[in-house]
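Work through the following exercises with the sequence and the model side by side. Try each task before reading its solution.

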Amino acid sequence: MALKSIIYNRETNNLEILDQLLLPAITKYVKVKGVEDGWKVINKMQVRGAPAIAIVGCLSLAVELQNDKFESKKQFRQEVEGKLNYLVSSRPTAVNMKTAAEELIDLVNELSKDGSVSLEDMKNKFLITIQQMLEKDIADNQAIGDNGAKEILSKVAGDSQVRVITHCNTGSLATAGYGTALGVIRSLQAARRLEHVYCTETRPYNQGARLTAFELIHEKIPATLVCDSMVAALMKSRNISAVVVGADRVAANGDTANKIGTYQMAVVAKYHGVPFYVAAPFTSIDSKVTSGEHIVIEERPDREMTHVGEHRIAAKGIQCWNPAFDVTPASLIAGIITEKGVFRPDQLKDVFASANP
Ligand code: MRU
C-alpha cells in the first residue's frame, strides 16, 4: 500500500498528517484542528512538498469552517479570505498554496454575489471544492507519471531500461498521493523499464535520505542513495538516462524554483548531455511571475545546517547561508512534465494561456 501523508474525512471532520520530521524512524500522524495548526505544520515542515502544502493548508481551513458558525455570507467570505492569505504566508516559495488561495477566494466572491445561493450552500460548495483539490492532485500526478515515463522512454533505444536521478522528495509524502517526479519513477517501474534510481541525500534537510529513500524502499523500487556532491561523478560513470525533479514554482518563461541543489544538477546534466526534466502540475506554474529572478527564495534557520538532530556538526561561530531553494534557468530544462503533457519551457506561456482562456 502507498504511503499516505494526508488523512482527511469530511464526515468526521478529521484531518491528520504524517509527521515528516519523525520519519523514517517513527511513523506518527498529527491532528490538524484548524488554520493555526495548518500554518504551524507547514511552517515547521512536518508536512512539506509544494502540492501537499497547498492541500493541507486548504483542508485545515475546511476543518475550521465546518466547526464555525457564520451570521452571513459576507462574514463567511471575509473569514475565508483572511485565513487563506494567512496560510499563504506559511512558506513563501512554493506557489501551490497561493494558486489554491486565489482560486478559492474567486469562488467565495462569486458565491457571495449570487443571490440564489444560501449561506449553507455557499459553505457546502466551498468544502466540496477543497475536497476535490485532494482528489484532483492524485489524478494529476498519475497523468504526470505516465507522461513523464513516455517522454523518458522515447529518448532511449528499443525497449532498454533506464537509470534516473532524482532530488529531494516528490512522492506520496509531498503530494496527495503518487507523487510528481517520483510519480514518473513509479510509472517507469510499473512499465518494467526502470533499471535503477539514484536519489540524492538533499542536504541540509535530508528529504532524499529520510523520505525518498523511505518511499523507494516501501515501493520496492531498485534505488541507491548518493550525497549531493556525487552527482557529477555519478553522471560520468553510470550512463544516466535522465534527471527528473519536482518544482516549487515554475515561472512563465520556464525558470524553475526547486529544492536547493537542483540548479547544480541541471548544470552537470547539461555538461554530460543528460536530459533534465521538471515534473509538476499546472498548479505549480506561476504565470504572473515572468522569470525566476522574481521568485522569493525562503531562507531557513542555520541550525538545519549546523546540526544533525541534536548533534552539532559545524564549528561553533561559523556563519551560515541556508536558502531552501534555487532557480534552474529554463535553458537547462529539456521538458516540463505536466498532467496535460510534456512541454519545452518556451511553449509554456502559450499552453498556459490556452488552458486558462
Ligand atoms: O522544502 P521542501 O521539502 O518543501 O521542498 C520540496 C521540494 O523542493 C519539492 O521538489 C517540490 O516541492 C515538489 S514536491 C512534489
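**Exercise 1.** Which residue in β5 does R163 stand opposite?

Solution. This is a predicted model, in which local features need pLDDT of at least 70, side-chain atom pairs count only at pLDDT 80 or more, and totals for chains, interfaces and linings use all residues. Residues are numbered from 1 along each chain as its sequence is written, and side-chain values use heavy atoms, with hydrogens and water left out. Begin with strand β4, residues 162-166, which pairs with β5 in the parallel sense over five bridges; strands are DSSP runs of E with at least two residues, helices are runs of H or I with at least four, both numbered from the N terminus, and two strands pair if DSSP finds at least two bridges between them. Then look across from R163, and the residue opposite in β5 is H196.

**Exercise 2.** Describe how β5 is placed between its neighbours, and how far it is covered.

Solution. Take the other pairing next: β5 runs parallel to strand β6 (residues 223-226), and four bridges join them. Within this pairing, V197 has A223 as its bridge partner, while C199 stands opposite L225. Now follow the helices: β4, helix α6 (residues 181-190) and β5 form a right-handed β-α-β unit, and β5, helix α7 (residues 207-218) and β6 form a right-handed one as well; right-handed means that, with the strands pointing away from the viewer, the path from the first strand over the helix to the second runs clockwise. Finally, of the seven residues of β5 (194-200), six are buried, that is, under 20% relative accessible area with a 1.4 Å probe, protein chains only, where over 50% is exposed and in between is partly exposed.

**Exercise 3.** What is the order of the strands in the open sheet with antiparallel pairing?

Solution. The three strands follow the order β1-β2-β3, and the edge strands, each pairing on one side only, are β1 (6-9) and β3 (29-31). Between β1 and strand β2 (residues 14-18) there are four bridges in the antiparallel sense, and I6 has I17 in β2 as its bridge partner.
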